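Hello,

Here is the structure I promised to pass on to you. Please open it beside this email, so that you can look up each place as you read.

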Amino acid sequence: MVTIWWCVLGLLTCGYFALAGYDYGVGMLLPAFETGERRRRQTLGALGPFFLANEVWLVAAVGLLFGAFPHLEGKVFAGAYVLVVTLLLGLVTFTASMQLRSRRPDARRGAWTAGIVGGAVVTALSWGLFLGNLVVGLPLTADGSPSGDVLVLFSPYAVLWGLGFVALFALQGAAFLAVRAPAELTGRAVRLARAFTAPVLAFLVIATGWGCFTFDGVTALGVGVVVLAFAALAVTWLGLFAKRYRVALLGSMVLAACPALLAGTLRFPAVLVSPGYALTVEQAATAPGTFAVLAWFAPPSVLVLLVVQWLTWRAHRHPVDQRSLLHF
């Protein structure tokens with residue numbers, strides 16, 4: 001039963017990265033499309049119908065984490081407190097800037113545009129640092145308490161993940177714009193997507209090679225996720241060069257979900273590790289009675305989330321054009 005709930009948490013978390021990754025990618029790439037206010041609004045309008053729905057996956061994942069795995073939640077947030085705060089600042093800045101940028105047609109929008117770009121970059125870096133630390137091991141003491149050494153969170157391996165996530169989300173955002181942006185911007189989006197495949201490949205190769213000589217207790221599931229990541233990047237690259245941009249976007253979405261999937265499966269059933277300390281999924285789980293309560297609410301909520309997400313994509317499956325209503 002505990003493993004099933006861990007899989008549900010994994011579904012929600014991977015769904016968030018697969019969908020919201022292109023939110024932050026589009027935000028980071030916004031300056032590359034700034035040839036005028038009309039172009040900026042079209043670029044943001046391509047993302048507009050999706051970005052709030054995408055972030056609902058994170059809300060659902062955090063809610064399930066609190067309810068189903070409270071012991072894991074406490075240790076993760078305490079051990080990476082600085083990164084969690086930085087991540088929240090990035091998310092709030094990005095979301096608020098997206099919402100407020102076009103609220104007044106006569107207002108100056110430079111500060112809000114900077115908030116979108118800056119919030120997206122901070123969010124991408126923070127997620128990379130956060131997941132990189134989960135993979136390499138949070139700085140915890142032998143009893144699972146925070147070590148208090150904040151600088152350990154910015155180890156070279158974690159910084160590699162932070163920079164890798166910037167490239168990964170940028171690739172995903174460019175692939176998304178190749179599908180949803182106006183036809184006159186498609187070429188630029190494709191060129192950007194192709195350009196970011198090289199740094200993403202470098203991130204995968206270096207992180208994998210580093211991990212081979214560093215990590216202990218790696219499971220077959222973890223190895224499978226790494227193989228899946230390389231395969232997803234290959235699909236993305238082939239889709240871009242074959243002009244099958246929806247295939248490229250799907251490949252980039254799977255690729256963006258792989259780091260979170262790796263963090264949850266690398267040493268399973270251990271779900272949180274640190275030198276001299278390990279927390280298994282059974283130890284992280286809540287009481288059986290709480291799972292019984294969650295069973296009444298979680299399945300229908302996940303089903304509604306999936307249906308709404310599908311309907312949103314169905315309604316906005318065509319690229320932005322002159323007839324599109326732009327809210328952002």
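Below I go through the pockets, the cavity, a surface patch and a few single residues. Please keep in mind that this is a predicted model.

**The largest pocket**

Let's begin with the open spaces. The largest pocket holds about 890 Å³ of space. It is lined by 37 residues, and those closest to its centre are Leu9, Thr13, Ala61, Leu65 and Phe130. If you would like to trace the walls, look at α1 (2-29), α3 (51-68), α4 (70-79), α5 (81-100), α6 (110-136) and α10 (245-265), the elements that each give two or more residues to this lining. Which of them gives the largest share of the lining? That is α1, with 9 residues. Sorted by class, the lining of the largest pocket has 30 nonpolar, 6 polar and 1 charged residues.

**The second largest pocket**

Next comes the second largest pocket, with a volume of about 350 Å³. Here 23 residues form the lining, and Ala207, Thr208, Gly222, Val226 and Leu262 are the closest to the centre. At least two lining residues come from each of α7 (156-180), α8, α9 (220-241) and α10. Among these helices, α9 gives the most, with 7 residues. The lining of this second pocket has 20 nonpolar and 3 polar residues, and no charged ones.

**The cavity and the turn into β1**

How many cavities of 30 Å³ or more does a search of the whole structure find? The search finds 1. The volume of this largest cavity is about 60 Å³. Its lining includes Leu134, Arg267, Phe268 and Val273. Two elements, α10 and β1 (270-274), give two or more residues to that lining, and β1 gives the most, with 4 residues. By class, the cavity lining divides into 8 nonpolar, 2 polar and 1 charged residues.

While you are in this part of the chain, have a look at Pro269, which sits in the loop between α10 and β1. The peptide bond that leads from Phe268 to Pro269 is cis, with omega near 15°.

**A nonpolar patch on the surface**

Now turn to the outside. Leu201, Val205, Ile206, Trp210 and Phe230 make a nonpolar surface patch of about 410 Å². The most comes from helix α8 (residues 183-214), which gives 4 residues to the patch. One of the patch residues, Leu201, lies in helix α8. Is Leu201 exposed or only partly exposed? Leu201 counts as partly exposed because its relative accessibility is 40%, and that class lies between the cut-offs of 20% and 50%.

**Two more residues to find**

Leu177 is in helix α7. With a relative accessibility of 0%, Leu177 counts as buried, because buried means under 20%. Leu177 also has a partner far along the chain to look up: Thr43 is 134 residues away in sequence, yet the two are 7.6 Å apart in space, C-alpha to C-alpha.

Lys243 is found in the loop between α9 and α10. Its phi is positive, about 60°, although Lys243 is not a glycine. Is Lys243 buried or exposed? Its relative accessibility is 61%, so Lys243 counts as exposed, the class for values over 50%.

Enjoy exploring, and write back with any questions.

Best wishes

Key. Residues numbered from 1 in each chain as written. Predicted model: local features only at pLDDT ≥ 70, side-chain atom pairs only at ≥ 80, totals over all residues. Heavy atoms only, no water. Patch = residues over 30% accessible without salt bridge, like charges linked within 9 Å, V, L, I, M, F, W, Y side chains within 5 Å. Areas by Shrake-Rupley, 256 points an atom, 1.4 Å probe, with all protein chains shown as cover. Salt bridge = Lys/Arg side-chain N within 4 Å of Asp/Glu carboxyl O. Buried < 20%, exposed > 50% of the residue type's maximum accessible area, 1.4 Å probe, protein only. 1 Å grid on protein atoms, 1.4 Å probe; cavity = no way out; pocket = protein on both sides within 12 Å on 5 of 7 lines; lining within 4 Å. Points joined across faces, edges and corners; volume = space filled by probe spheres on them. Nonpolar A, V, L, I, M, F, W, Y, C, P; charged D, E, K, R; others polar.
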